[in-house]
Amino acid sequence: MGIYNVHERVLAATESEVGALIDTLAGSEDALWPREEWPPMKFDRPLAAGAVGGHGPVRYTVAAYAPSTWVRFTFSGPRGFHGFHEYAVLAVDEEHTLLRHTLAMNARGLARLTWPPVWQPLHDALLEDSLDRAELACTGAVARPARRGRYVRLLRALAR
């Protein structure tokens with residue numbers, strides 16, 4: 001099963017301001033990953049190509065990293081996740097920047113059954129929280145904070 005999932009937000013910030021958020025991923029001052037509410041992103045070394053880690057049961061390797069611009073992670077787990085996810089920074093104009101997260105993968109085996117009811121809703125909620133963090137870091141406020149539905153709250157409770 002092919003999966004292509006995109007979350008993006010235009011931020012009232014320069015390309016360099018938004019790009020700096022990518023550079024903080026998995027660090028002690030991470031301003032992009034919602035680590036207070038979700039399993040933290042961790043790697044075996046600082047963010048760089050070849051770093052191995054993930055968040056919770058989702059495992060990946062940093063496949064490519066262009067500082068302040070783009071980072072791509074290739075999946076190594078859970079079983080059946082074959083593909084990548086990435087953050088990219090794209091200038092809209094001098095004062096606005098698009099922050100995009102893309103997940104592109106093939107789900108095989110049991111992942112074909114678990115992606116739609118379990119992984120996708122959790123993934124979508126996590127990414128919207130990440131974009132909220134980016135907006136807060138860049139502007140000091142979040143215009144329309146993401147809300148978690150009942151189903152996502154249930155899945156999170158069951159995971160605990």
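I looked up Tyr87 first and found it opposite His101 in strand 7. The model is a predicted one, and I read the entries below with that in mind.

Next I took the pairing of strand 6 (residues 81–93) with strand 7 (residues 96–107). The two run antiparallel and are joined by twelve bridges. Leu90 has Leu98 in strand 7 as its bridge partner. Two residues make the hairpin connection from strand 6 to strand 7.

I then turned to strand 5 and strand 6. They are also antiparallel, with five bridges between them. I noted that Phe73 has His85 in strand 6 as its bridge partner. The hairpin here has three residues between the strands, and Gly80 takes a positive phi near 100° in it.

I checked the whole sheet after that. It is open, has seven strands in the order 1-7-6-5-4-3-2, and pairs antiparallel. Strand 1 (2–11) and strand 2 (42–43) are the edges, each pairing on one side only.

For the helices, I listed what each one crosses. Helix 1 (residues 15–23) lies across strands including strand 4 (58–66) and strand 5 (70–77), and runs at about 155° to strand 6. Helix 2 (residues 110–139) lies across strands including strand 3 (52–55), and runs at about 15° to strand 1.

Last, I looked at the surface. Tyr151, Leu154 and Leu158 form a nonpolar patch there, with about 320 Å² of accessible area together. Leu154 belongs to helix 3 (residues 150–159). I entered Leu154 as partly exposed because its relative accessibility is 44%, and that class lies between the 20% and 50% cut-offs.

Terms used:
Residues numbered from 1 in each chain as written. Predicted model: local features only at pLDDT ≥ 70, side-chain atom pairs only at ≥ 80, totals over all residues. Heavy atoms only, no water. Pairing = 2+ DSSP bridges. Helix = DSSP H or I, 4+ residues; strand = E, 2+ residues; numbered from the N terminus. Contact = heavy atoms within 4.5 Å. Axes fitted to C-alpha atoms, helices over the stretch in contact; angles between N-to-C directions. Patch = residues over 30% accessible without salt bridge, like charges linked within 9 Å, V, L, I, M, F, W, Y side chains within 5 Å. Areas by Shrake-Rupley, 256 points an atom, 1.4 Å probe, with all protein chains shown as cover. Salt bridge = Lys/Arg side-chain N within 4 Å of Asp/Glu carboxyl O. Buried < 20%, exposed > 50% of the residue type's maximum accessible area, 1.4 Å probe, protein only.
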